[in-house]
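Me: Hi! I'm new to reading protein structures, and I'd like to go through this one step by step. Could you help me?

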Amino acid sequence: MQQTRKNILNAIFLIALIGLTVWAVFRDQDLGQVIQLISRVHPAYLVMGFCLVIVYVCSESVIIKHLLHVVKIKAPLLNCIRYSFIGFFYSCVTPFASGGQPMQIYYMRRQKIDVPSATIVLMMVTIEYKAVLIIAGVALAIFGQGIIQGLPDDASLFLYLGIGLNLFFVFAISLLIFMPDVAKTIVLWIYSFLKKIHLMKEKNNRAQRLEESMEVYRNTSDFLKKNKMSIVLTTLITFLQRFFLFLITYVVYRSFGLREYSMLHIVLLQTIISISVDMLPLPGGMGISEFLYMRIFVPVFKSPAAVSASMVISRGFSYYALVIVSGIVAFFSHIFIKDESGKIRRAVRKKRGEKEHGATT
């Protein structure tokens with residue numbers, strides 16, 4: 001009941017955010033002109049954009065399959081594609097993308113993948129995702145000042161804020177992974193302090209659960225040390241994955257018959273938006289992504305109507321189409337994926353009971 005209520009509230013929040021975003025973007029626009037510009041786009045470009053979204057999601061499934069193979073778990077690629085779509089759907093509709101990994105672990109467990117292995121694999125996917133954004137952000141800050149100086153002041157502010165937040169996240173994760181004992185001491189001290197000032201209460205063995213969760217990072221540290229080449233390979237795939245997503249904006253740019261800016265320039269501008277919104281507590285960076293797109297791409301598309309039309313297509317593929325397709329996959333996965341882990345647990349309990357019965361007789 002509580003989970004259902006939470007899902008309803010998340011849906012209401014998402015719908016309200018979409019409505020507010022649409023109003024903010026188009027309140028001063030000539031909708032007729034925007035629609036006319038969209039209607040002129042050749043269908044071939046739309047197909048390309050949709051294909052890039054699918055390739056983007058499936059790239060993550062390749063990473064998941066490879067990392068599961070490293071921990072000696074055989075998983076069909078089709079299952080890994082399903083996990084990726086499920087993760088993207090729940091990440092897109094929850095603040096801080098907090099719902100993606102728990103739901104992926106839930107469905108992995110239903111298909112006989114143990115929780116510790118699933119957790120480590122998905123932890124690595126997250127770390128690599130963040131690392132790629134950090135590398136791109138730092139490279140932009142050092143070598144891309146020509147592009148950054150051409151940004152509006154508020155867009156530059158969001159970029160540096162995004163770089164800072166991602167750096168803090170990577171630092172915190174690195175501390176948890178490479179110095180688990182130090183991190184454990186810090187986390188338990190913070191928890192004790194919050195209890196002392198009555199911001200948190202000790203319930204449901206919270207302190208014990210915190211200590212147990214720290215073990216995940218210790219296991220991740222061991223995984224990193226033992227599988228360095230696999231980490232390098234999957235990080236390179238993550239770079240390609242991000243490139244496929246950012247390339248959608250260049251496809252949209254060319255669909256408007258424009259050629260002034262290079263592919264690299266357009267991809268870098270889209271990278272700036274992604275870095276800026278990645279750590280903000282909004283589903284899919286909704287609202288902020290559209291705002292930054294409208295601010296950053298006006299010089300590229302030359303007119304407010306053209307940039308609005310291009311934003312509808314670009315965000316339509318990179319977020320809204322992704323939500324719809326992944327939502328459909330998540331829905332059918334919920335219906336058709338049977339809980340095979342439950343059968344195993346029942347079989348183990350039955351076998352254990354037979355042994356105990358045999359012992360007593």
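Me: Which residues of α12 are buried?

Reply: Happy to help, and keep in mind that this is a predicted model. A residue counts as buried when its relative accessible area is under 20%. In α12, 11 of the 15 residues are buried, so this helix is largely enclosed by the rest of the structure. The buried residues are Ile266, Val267, Leu269, Gln270, Thr271, Ile272, Ile273, Ser274, Ile275, Ser276 and Val277.

Me: How far does α12 reach from its first C-alpha to its last?

Reply: The helix has 15 residues. At 1.5 Å a residue, a span of 21 Å is expected. The reach in the model is close to that: 22 Å.

Me: How many helices and how many strands does the protein chain have?

Reply: We have just looked at one helix, α12, with its 15 residues. For the whole protein chain, the secondary structure comes to 16 helices and 0 strands.

Me: What percentage of the residues in the protein chain is buried?

Reply: The protein chain has 361 residues. Its exposed surface is about 19600 Å², with 67% of that supplied by carbon and sulfur atoms. As for the buried residues, their share of the chain is 44%.

Me: Among contacts between residues at least 6 apart in sequence, what percentage joins residues at least 24 apart?

Reply: Here we leave aside pairs that are close in sequence and take contacts between residues at least 6 apart. Of these contacts in the protein chain, the share joining residues at least 24 apart is 74%.

Me: Which residue forms a salt bridge with Asp278?

Reply: A good place to begin is that side chains of opposite charge can pair when their charged atoms come close. In the pair with Asp278, the closest N and O atoms are 2.5 Å apart. Asp278 sits in the loop between α12 and α13, while its partner is in helix α6, 148 residues apart from it. That partner is Lys130.

Me: Are Asp278 and Lys130 buried or exposed?

Reply: The cut-off to use is under 20% relative accessible area for buried. Asp278 has 18%, so it falls under that limit. Lys130 has 9%, so it does too. Asp278 is buried, and Lys130 also counts as buried.

Me: How many salt bridges does the structure hold?

Reply: Besides the pair of Asp278 and Lys130, there is one in which the side chains of Asp154 and Arg295 meet, at 3.1 Å from N to O. Asp154 lies in helix α8 and Arg295 in helix α13, so this pair ties together parts that are 141 residues apart in sequence. Another joins the side chains of Arg315 and Glu290. Those are among the total, which is 4.

Me: Which helices hold Arg315 and Glu290?

Reply: The side chains of these residues meet at 3.0 Å, N to O, and both residues are buried. Their salt bridge ties together parts that are 25 residues apart in sequence, because Arg315 lies in helix α15 and Glu290 in helix α13.

Me: How many disulfides does a search of the whole structure find?

Reply: Let's look at two cysteines before the count. Cys58 is partly exposed, with a relative accessible area of 22%, whereas Cys80 counts as buried at 0%. As for disulfides, the number found in the whole structure is 0.

Me: Which helix supplies the largest share of the nonpolar patch?

Reply: The patch covers about 770 Å² and is made by Phe178, Met179, Val182, Ile186, Trp189, Ile190, Phe193 and Ile197. Met179 is placed in the loop between α8 and α9, and it is partly exposed at 43%. The largest share, 5 residues, comes from helix α9.

Me: What is the phi of Lys72?

Reply: Most residues other than glycine have a negative phi. Lys72 is not a glycine, yet its phi is positive. This residue lies in the loop between α3 and α4 and is exposed, with a relative accessible area of 76%. Its phi is about 65°.

Me: And what is the phi of Lys112?

Reply: Lys112 lies in the loop between α5 and α6. At 51% relative accessibility, Lys112 counts as exposed. Although it is not a glycine, it has a positive phi of about 70°.

Key:
Residues numbered from 1 in each chain as written. Predicted model: local features only at pLDDT ≥ 70, side-chain atom pairs only at ≥ 80, totals over all residues. Heavy atoms only, no water. Helix = DSSP H or I, 4+ residues; strand = E, 2+ residues; numbered from the N terminus. Buried < 20%, exposed > 50% of the residue type's maximum accessible area, 1.4 Å probe, protein only. Contact = heavy atoms within 4.5 Å. Areas by Shrake-Rupley, 256 points an atom, 1.4 Å probe, with all protein chains shown as cover. Patch = residues over 30% accessible without salt bridge, like charges linked within 9 Å, V, L, I, M, F, W, Y side chains within 5 Å. Disulfide = S-S within 2.5 Å. Expected span 1.5 Å × (residues − 1).
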